[in-house]
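Visitor: I'm new here and would like a close look at one part, the salt bridges. Could you also show me what surrounds them?

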Amino acid sequence: MKMRWLLALMLGVVTAFFVSVMAGKSFIAPSQWFEGGTTGLILWELRLPRALLGASIGAVLGLSGAVLQGYLRNPLADPTVVGVSSSAALGGVIALFFGGAALPLIVFLSAMAGALMSILLLIALGGRAGGPLGFILAGMVLSTLAGSLTAFLISIAPNPYATSEIVTWLMGALTDRGWPDVAVGLPFMICGGLILLTTGRALDGLILGHDTALSLGINPAQLRWTIAIGIGLSVGASVAVTGVVGFVGLIVPHVVRPWVGQRPSATLIPSALAGALLLLTADSVVRVLPGVAEVRLGVVMAVLGTPFFFHLLRQIKARAL
């Protein structure tokens, strides 16, 4: 059963990838892919790297959500909970505030620096023996601080153009992303994703309790470092490339669990595949919606994710009664 659903997810991702390459204000059929000219330029220089980034970002966000929900044992956990997304966004906003919009690499490096700082602060604030509770409390502090500083920078932006650039970037989108964005972002996402995939056994052990996990040779402090570094690299890079795209890490682990089981390690790869499928589909939708300008991808995910969040809250409340 699990293998069948895994294969179905793989097929779905491949299909969504090809649909993403074809979809847009002008549809590019497979028969046109090797024609050259303007059509070829749009396909190979814009749509192909955009689809690759969409699949990669969706995969690391879905994987990060599954890891965090397994570690924190909290069904509402996702990368925004631990402050990495908001800290990376703050780093990008600082670069935009000082006129970095013309230099995308500067914005990327600044966002990654924000993610790196969040990792160090997350470990420092969480403490050596803080456990999942200390981890999530430290994340909430970071998220609140980064959000407040971001709002402060927006309010004192030197001109309306800087404010517009910051707000537009924060909404999250894959618009006009190309191979340079793939070149700088994908290595970090791959590295962070591979690190997160190594946590499966430890997450399974934590289900049995702290003492049992220790007897199995699981080091909680090392696991905390591994998760923080993996999420910092992967989610930090995704935010640096697109801005903030929320709710992917919240939604997909809940979607795959009924099919693969409740064991944390069993949800990691399916969540990565489901995240890629969700983001590719959402990005294709924003390109075919009517209108002169594209709807921002982050806005679409918020529209999808907010009802899902309330649905989860209602389920949790019903189980508590």
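Guide: We'll begin with the whole chain, go on to the salt bridges, and then visit a few other spots.

What you see is a predicted model, in which local features need pLDDT of at least 70 and side-chain atom pairs count only at pLDDT 80 or more, while totals for chains, interfaces and linings use all residues. Residues are numbered from 1 along each chain as its sequence is written, and side-chain values use heavy atoms, with hydrogens and water left out.

First, the overall picture. The chain has 13 helices and zero strands (helices are DSSP runs of H or I with at least four residues, strands are runs of E with at least two, and both are numbered from the N terminus). With a radius of gyration of 20 Å, close to the 20 Å that the globule rule gives for 321 residues, the chain is as compact as a globular protein of that length (the radius is taken over C-alpha atoms, and the rule is 2.2 Å times the number of residues to the power 0.38). Along its principal axes, the C-alpha trace spans about 65 × 50 × 40 Å.

How much of the chain is tucked away? Of its 321 residues, 52% count as buried (buried means under 20% relative accessible area, exposed over 50%, and partly exposed in between, with a 1.4 Å probe and protein chains only). As for contacts (heavy atoms within 4.5 Å), take those with a separation of 6 or more: 79% of them join residues 24 or more positions apart.

Now for the part you asked about. Side chains of opposite charge can pair when their charged atoms come close. The count here comes to three salt bridges (a side-chain nitrogen of Lys or Arg within 4 Å of a carboxyl oxygen of Asp or Glu).

Let's start with D283 and R50, whose closest N and O atoms are 2.8 Å apart. D283 sits in helix α12 (residues 264-288) and R50 in helix α2, so this pair ties together parts that are 233 residues apart in sequence. D283 has a relative accessible area of 2%, so it is buried; R50 is buried too, at 7%.

D283 has another partner, R287, with 3.3 Å between the closest N and O atoms. These two are four residues apart in helix α12, which means about one helical turn separates them. Both R287 and D283 are buried. Put the pairs together and you get a network of salt bridges linking R50, D283 and R287.

Next, look at D204 and R263, another salt bridge, where the closest N and O atoms are 3.4 Å apart. D204 lies in helix α8 (residues 200-207) and R263 in the loop between α11 (248-260) and α12, so the pair ties together parts 59 residues apart in sequence. D204 is buried, with a relative accessible area of 18%, whereas R263, at 44%, is partly exposed.

Back on α2, there is a serine to look at. S64 belongs to this helix, which covers residues 37-72. At 0% relative accessibility, S64 counts as buried. A polar atom of the S64 side chain lies 2.6 Å from the backbone oxygen of V60. Not counting residues up to four places away in sequence, S64 touches P79, L196, I231, S234 and V235.

Let's move on to a glycine. G100 is found in the loop between α3 (84-97) and α4, and at 6% relative accessibility it counts as buried. Leaving aside its neighbours within four places in sequence, G100 is in contact with A95 and V107. The C-alpha atoms of G100 and A162 are 9.7 Å apart, although these positions lie 62 residues apart along the chain.

Finally, the outside. A nonpolar patch on the surface is formed by L116, M117, L120, L121, L125, V141, W225 and I229. The elements giving two or more residues to this patch are α4 (104-126) and α10 (220-242), and α4 supplies the largest share, five residues. One of the patch residues, L120, is in helix α4 and is partly exposed, with a relative accessible area of 44%.

Terms used:
Polar contact = N/O pair within 3.5 Å; in protein donor to acceptor, adjacent residues only side chain to side chain. Patch = residues over 30% accessible without salt bridge, like charges linked within 9 Å, V, L, I, M, F, W, Y side chains within 5 Å. Areas by Shrake-Rupley, 256 points an atom, 1.4 Å probe, with all protein chains shown as cover.
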